[in-house]
Every structure is written in structure tokens, then in C-alpha cells.
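Trainee: I am new to this structure. Could we go through its bonds and contacts together, and could you show me how each label is earned?

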Amino acid sequence: MTGRSKRPRPTWTRLCLLGALVGAWLPARVGRAAEYEIFIDIDDEEDLYDLQVTGQIEDETFETLVELLRRGVDLNDADREGLYALPNLSYEDVDAILAYRADVGWISDPANLVLAGVISKRKLAAIAAFLVVTEPGRKLAATNGFVRLQSAYAIPDPVAPSAALQARVSTARYLTLGAAVVHTRLRVDDVRWDPARQALSAEPPSSRVHIPKAFAQWDTDDWGVIVGSYRIGFGQRLTFDNTGRFSPNGFFLDDAVLRSTDMTRACRESAGELDESPCAGDAGDIYISPDFRWRAGLRGVAAGFRHAKLPVGWMQGYAWASFQNRDIYQYELVDAAACEDPRNDDDPRCSAPDVFRREGDLGSLEPTSRHSFQTLPNMYDEALGGANLTWFHDRRTHLGVTGYGAATRWRVEDADLDFQEWSSTPFGGPYGAIGADAAWGRRWADLFVEVARSFDGMPESD
């Protein structure tokens with residue numbers, strides 16, 4: 001396959017400004033629950049996979065809920081935003097839980113929420129799988145954790161199917177350590193620029209081991225720091241957010257590894273320089289189990305304080321920095337040396353560069369096939385940093401400022417690559433945004449507003 005599909009969509013800058021206008025226009029949200037597609041009532045992770053396979057929830061909802069289920073929500077430590085992330089709860093429910101927690105001091109049994117009339121029995125049953133209840137005065141030496149090994153296998157699979165190993169341990173009251181190791185066999189590797197073909201080349205898929213997630217987190221009631229893989233977001237998700245939560249406020253650990261529920265083609269190549277594609281005939285009809293996958297978050301350090309008391313209200317502040325190499329879907333690329341503006345749909349030079357299969361040395365002129373529909377690993381480095389400062393009058397009323405900046409550096413030597421205009425990352429160089437968000441809540445009404453201004457290196461369009 002050559003080229004890439006062109007889908008009209010707003011540019012990155014326009015998207016942020018559009019979101020700001022919509023966010024400022026929306027009327028007050030009257031205690032609605034987080035807007036998942038259906039009432040979520042599950043017992044374990046397999047139930048979430050069933051909802052995804054049957055089309056009752058979208059992929060983004062599924063990934064958000066799987067991560068929430070694996071992390072858990074501490075009923076005694078979670079703030080308003082953390083509790084609101086639980087499915088089926090409205091802000092009215094969340095405020096009732098917080099008020100009850102303040103009255104009793106500690107919720108030792110979630111069933112007490114029903115006995116006290118805080119939430120209904122149906123809602124408690126639906127969120128029970130997501131809840132974590134810790135004991136008060138947890139001893140410093142108390143330690144708990146888990147190790148999870150997952151694998152998927154189908155009859156046509158190679159001898160070593162994809163597998164994922166996750167481990168997490170919490171100790172010393174505030175310390176959490178974790179990592180994820182994934183075995184794949186469908187990912188290409190070692191992408192390079194082939195000057196003879198004026199295209200990219202990559203080694204064919206083979207069995208490889210990756211460590212996409214690893215972290216150490218120290219998290220108290222008043223402040224926290226994390227080193228490694230994490231997610232972070234604020235406000236109405238307009239200026240900066242990669243959490244997927246409806247009301248993010250701060251960072252949390254990221255060790256999520258996901259499995260796909262659909263079979264995938266074993267062969268992903270087109271003819272290229274050959275007379276016939278290696279996937280022609282029966283070879284193109286072989287389906288195997290997919291590799292386990294992970295979402296790229298941030299990798300670096302984040303730190304913040306949550307509750308610095310003031311004469312009126314309190315302050316919170318966060319800062320974060322990330323540096324990591326990132327993968328990219330092959331059709332999100334453009335050869336910047338040949339294409340002046342990726343927004344020019346009529347210029348064939350703005351199609352994604354070919355990615356040829358490389359078996360031997362770079363520069364070999366032996367005819368070869370082309371890779372298709374592949375995610376190319378370790379294509380560019382991303383350096384990103386940001387900060388947030390928010391003043392809270394109370395837990396429902398706040399005013400905050402968030403800003404961040406990012407820059408990319410391509411790792412493929414002798415190539416001048418950039419992003420297609422429809423990529424989630426803007427082309428043209430460094431980018432970032434700054435914005436302000438506010439919330440006001442009284443009785444039955446909550447009003448949320450966020451405005452943002454984005455910056456990027458994209459040239460003005462004709």
C-alpha cells in the first residue's frame with residue numbers, strides 16, 4: 001500500500017480554540033454522572049472486555065475503565081475528581097460521600113454508604129470492583145502488591161505467543177513501585193532511511209521483549225512525586241491532559257497494558273518491488289492473536305503539592321517533565337524534504353514515504369516487499385515540560401492556570417521527516433499551550449470554563 005488516507009479535520013491550533021469556545025458556552029452541568037455509554041456494572045476486567053466486544057462501550061471508555069480498575073480508587077483518600085472518575089456517580093453522589101467521610105472520619109466498610117443513605121445499593125454494587133479501602137493508621141512495614149501474567153493464543157500462532165507481565169508493590173505507607181514487560185512478535189524494528197530507494201526500510205517482525213512501563217511513586221495526602229511512566233491532566237482537559245478522565249487533577253501512575261479482542265492478519269506486506277505480494281493467496285487469509293499493546297503516556301518526573309493553606313482557601317501546584325522516544329503509525333509520516341506543506345492534499349509528494357522490508361544490509365538493491373499498516377518503533381524523541389497552579393476556594397470552586405511546551409527530534413539519520421497534518425502532533429517544530437480554567441459550584445449546579453491558546457511551528461496556510 002502506498003500513500004495514506006487524507007481525512008479533513010481541524011488543525012491542532014484550531015482544535016484548541018474551538019474547544020475553548022465550546023467550554024465557555026456550555027451551561028452549568030447539573031450533577032450528571034461521568035458520561036459513559038451505559039450504566040457500568042461489572043465484577044472484574046473480563047466483564048469490561050465483554051462490554052467492549054459487544055460494542056456497548058467504546059475503546060476509549062474501555063481503556064479508561066481498565067486503568068481505573070487496576071489502580072483502584074481509595075474511598076478514604078480520593079478527592080472529588082478521583083471519586084467522580086468512578087462510573088455511575090454524579091457530583092451529588094460524590095459530594096454526599098465526601099460529606100459522610102468528613103462526618104465519620106473513616107469509611108471502614110463501603111456498605112455503610114448504603115446504610116447511611118449516601119448512595120443507592122445499585123450504585124454501590126456497580127462501583128465495588130473499583131474501590132480500595134485501606135485501614136487507618138497503616139503500619140510503615142505493611143506491604144501488598146500483585147503480579148499478573150497474561151497471554152493470548154490462537155491455533156495459527158507462532159510457538160511463542162504475545163504475553164504481558166505486570167507487577168506492582170506498595171510499601172512504606174506512601175511508596176509504590178511497578179513495571180510492565182511485554183513480549184511481541186508482530187512489530188517491525190530498526191527503521192532506517194534507504195538513500196538508494198529514497199524511502200524508509202525496517203527489519204521484519206520478530207519476537208522481542210519490551211519494558212514500556214516502569215515507575216516509582218511517593219504519594220502522601222499533601223504532596224507527591226513520581227519517576228518513570230505516568231499520566232497527568234487538569235481542568236476540562238483542554239490545555240493539557242493525557243489521562244482520559246472526565247475531571248483530571250494531577251498525576252497518577254501508568255502501568256497499563258491492554259489486549260485486543262479481535263484477531264489480526266499474520267501478514268502485513270504489499271508487493272513493493274516484487275511481482276506479487278507475500279500476502280497473496282492463502283497467506284493473506286491467516287489470522288492470529290494480536291500483540292499486547294500499551295498507550296504511550298509520559299516518562300520522566302512529576303511532582304506537586306495539593307493543599308497549601310491560605311487565609312481564604314488553599315493552593316495546589318504541579319510541575320512535570322518528560323523525555324522519551326516514541327513510536328508512530330507509518331502513514332502519519334511525511335518526507336519534509338519533498339513536501340513543502342502536508343496540508344496540500346493534491347501533492348503526491350506529501351504522501352507517507354514507503355517502508356520497505358529489509359532482510360540484509362542497508363542499501364541492498366535486492367527486490368523486496370513493502371510493510372503495510374505498521375507502527376514504527378523509536379522514531380522520534382519528545383521532550384515535554386509543564387506546570388499547573390490552582391487556587392481553591394472550596395472543593396467545588398477554583399481558578400487555575402496550566403501551561404506546557406514540547407519539542408521533537410527525529411531519530412532516523414539522513415532523513416527529513418515530519419508529521420502529517422492529521423497527526424495528533426503538529427508538524428513544523430516545537431509546540432505547546434497555555435490556558436486558564438475555572439469552576440464554580442453551589443447546591444445543585446456546577447459551572448466549568450476553560451480557555452486556552454496553543455502555539456506551534458506550523459506555517460500559515462494558504
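Mentor: Gladly! Let us begin with a term: buried means under 20% relative accessible area, exposed means over 50%, and partly exposed lies in between. Keep in mind that this is a predicted model.

Trainee: Then why is Arg 442 called partly exposed?

Mentor: Its relative accessibility is 35%. Partly exposed covers values between 20% and 50%, so Arg 442 counts as partly exposed.

Trainee: What makes Arg 442 and Asp 394 a salt bridge?

Mentor: The closest N and O atoms of Arg 442 and Asp 394 are 3.4 Å apart. The cut-off is within 4 Å, so the pair qualifies. Arg 442 belongs to strand 22 and Asp 394 to strand 19, so the bridge ties together parts 48 residues apart in sequence.

Trainee: How do you know that Arg 358 and Asp 190 form a salt bridge?

Mentor: Here the N to O distance is 2.8 Å, and the limit is again 4 Å, so this pair counts too. Arg 358 lies in the loop between strand 17 and strand 18, while Asp 190 is in strand 6, so parts 168 residues apart in sequence are tied together.

Trainee: Which label does each partner get, buried or partly exposed?

Mentor: Arg 358 has a relative accessible area of 8%, so it is buried. Asp 190 has 26%, so it counts as partly exposed.

Trainee: How many salt bridges are there by this rule?

Mentor: The count comes to 38. Another one of them joins Arg 259 and Glu 46, with 3.0 Å between their closest N and O atoms. Arg 259 sits in the loop between strand 10 and strand 11 and Glu 46 in helix 2, so this pair links parts 213 residues apart in sequence.

Trainee: Now the cysteines: what makes Cys 339 and Cys 350 a disulfide?

Mentor: Their sulfur atoms are 2.0 Å apart. A disulfide needs sulfur atoms within 2.5 Å, so the pair passes. Cys 339 is buried at 5%, and Cys 350 is buried at 1%.

Trainee: And why is the disulfide of Cys 267 and Cys 279 called left-handed?

Mentor: The torsion about its S-S bond is about -80°, so it is left-handed. By contrast, the link of Cys 339 and Cys 350 has 85° about the S-S bond and is right-handed. The structure holds two disulfides, and with the bonded cysteines numbered in sequence order, the pairing is 1-2, 3-4.

Terms used
Residues are numbered from 1 along each chain as its sequence is written. This is a predicted model: local features need pLDDT of at least 70, side-chain atom pairs count only at pLDDT 80 or more; totals for chains, interfaces and linings use all residues. Side-chain values use heavy atoms; hydrogens and water are left out. Buried means under 20% relative accessible area, exposed over 50%, partly exposed in between (1.4 Å probe, protein chains only). A salt bridge is a side-chain nitrogen of Lys or Arg within 4 Å of a carboxyl oxygen of Asp or Glu. Helices (H or I, at least four residues) and strands (E, at least two) are DSSP runs, numbered from the N terminus.
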